[in-house]
Amino acid sequence: MSDQRHAPTARSKPPAPGEEEASANLKLGEFEDVDTLTLSEAALVINALMLKRRKDRKDRNETDVLNKTLDYLDAFARFKQKENVEAVERLLSAHKELTKFERAQIGSLCCDSADECKTLIPSLSDKIGDDDLQELLDEMAKLMSA
């Protein structure tokens, strides 16, 4: 047996699953820079896919989970019309100081006030002023009622 020592591996150990956190400091792990969707965007994407599958007669794969997901999105997606979903995405995308995750959360939660929004999404506290956030929320509310 030799006493040769091996160099340490160059790869770092991945973070343990479940250590992600969406608090004052976002810790999203492998999902840090992943594009995110609001619930309304997810509903549009999945419904368009399902429509295409039905049109192509490939609807054999509709599972119970998929149907429950669609029911959930139908209940909680705040914006139903494609034009409004796209308008909200444009409003949110204009705020480059916010992460993709934060923008998706704002677009899904549709809070009434900046204070409520910052309570539910603590990482916003030092990224956007209350007046700017309230203006964004008010613009989104107009699209919800349209």
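## Overall architecture

Of the 146 residues in the protein chain, 27% are buried, where buried means under 20% relative accessible area, exposed means over 50%, and partly exposed lies in between (1.4 Å probe, protein chains only). The model is predicted: local features need pLDDT of at least 70, side-chain atom pairs count only at pLDDT 80 or more, and totals for chains, interfaces and linings use all residues. Residues are numbered from 1 along each chain as its sequence is written, and side-chain values use heavy atoms, with hydrogens and water left out.

The protein chain contains 6 helices and 2 strands, arranged along the sequence as β-β-α-α-α-α-α-α. These elements are DSSP runs numbered from the N terminus, with helices (H or I) of at least four residues and strands (E) of at least two. Among contacts in the protein chain with a separation of 6 or more, 60% join residues 24 or more positions apart; a contact means heavy atoms within 4.5 Å. The surface exposed by the protein chain is about 10700 Å², of which carbon and sulfur atoms supply 51%. Accessible areas come from the Shrake-Rupley method with a 1.4 Å probe, and for residues only the protein chains shown count as cover.

## Helix α4 and its flanks

Helix α4 spans residues 100-109. Its buried residues are E102, R103, A104, I106, G107 and S108. S108 has a relative accessible area of 13%. Leaving aside neighbours within four places in sequence, S108 is in contact with T38, L39 and R78.

On one flank, T99 occupies the loop between α3 (82-93) and α4. T99 is partly exposed, with a relative accessible area of 24%. The C-alpha atoms of T99 and K127 are separated by 9.7 Å, although these two residues are 28 residues apart along the chain. On the other flank, just after α4, C110 takes a positive phi of about 50 degrees. Most residues other than glycine have a negative phi; C110 has a positive value and is a residue other than glycine. C110 belongs to the loop between α4 and α5 and counts as buried, at 9% relative accessibility.

## Salt bridges

The structure holds 6 salt bridges, each being a side-chain nitrogen of Lys or Arg within 4 Å of a carboxyl oxygen of Asp or Glu. One of them joins the side chains of D35 and K100, with an N to O distance of 2.8 Å. This pair links distant parts of the chain, 65 residues apart: D35 is in the loop between β2 (26-27) and α1 (39-55), and K100 is in helix α4. D35 is exposed, with a relative accessible area of 62%, whereas K100 counts as partly exposed at 33%.

A further salt bridge connects D130 with K118, the closest N and O atoms being 2.7 Å apart. D130 lies in helix α6 and K118 in helix α5, so the pair ties together parts that are 12 residues apart in sequence. D130 counts as partly exposed at 43% relative accessibility, while K118 counts as buried at 16%. Within helix α6, the side chains of K142 and E139 also meet in a salt bridge (3.1 Å, N to O). K142 and E139 are 3 residues apart, about one turn of the helix. An α-helix has 3.6 residues a turn, so residues three or four places apart point the same way. E139 counts as partly exposed, at 31% relative accessibility.

## Surroundings of K118

K118 is located in helix α5 (residues 114-120). Not counting residues up to four places away in sequence, K118 touches L124, S125, I128, G129, D130 and L133. D130 is thus both a contact of K118 and its salt-bridge partner.

## A negatively charged surface patch

E97, D131, D132, E135 and D138 gather in a patch of negative charge on the surface. Patches are made of residues with over 30% relative accessible area and no salt bridge, with like charges joined within 9 Å and nonpolar side chains (Val, Leu, Ile, Met, Phe, Trp, Tyr) within 5 Å. Lys and Arg count as positive and Asp and Glu as negative, while His and the chain ends are not counted. The place of a charge is taken as NZ of Lys, CZ of Arg, CG of Asp or CD of Glu. One member of the patch, D132, lies in helix α6 (residues 130-145) and counts as partly exposed, at 46% relative accessibility.
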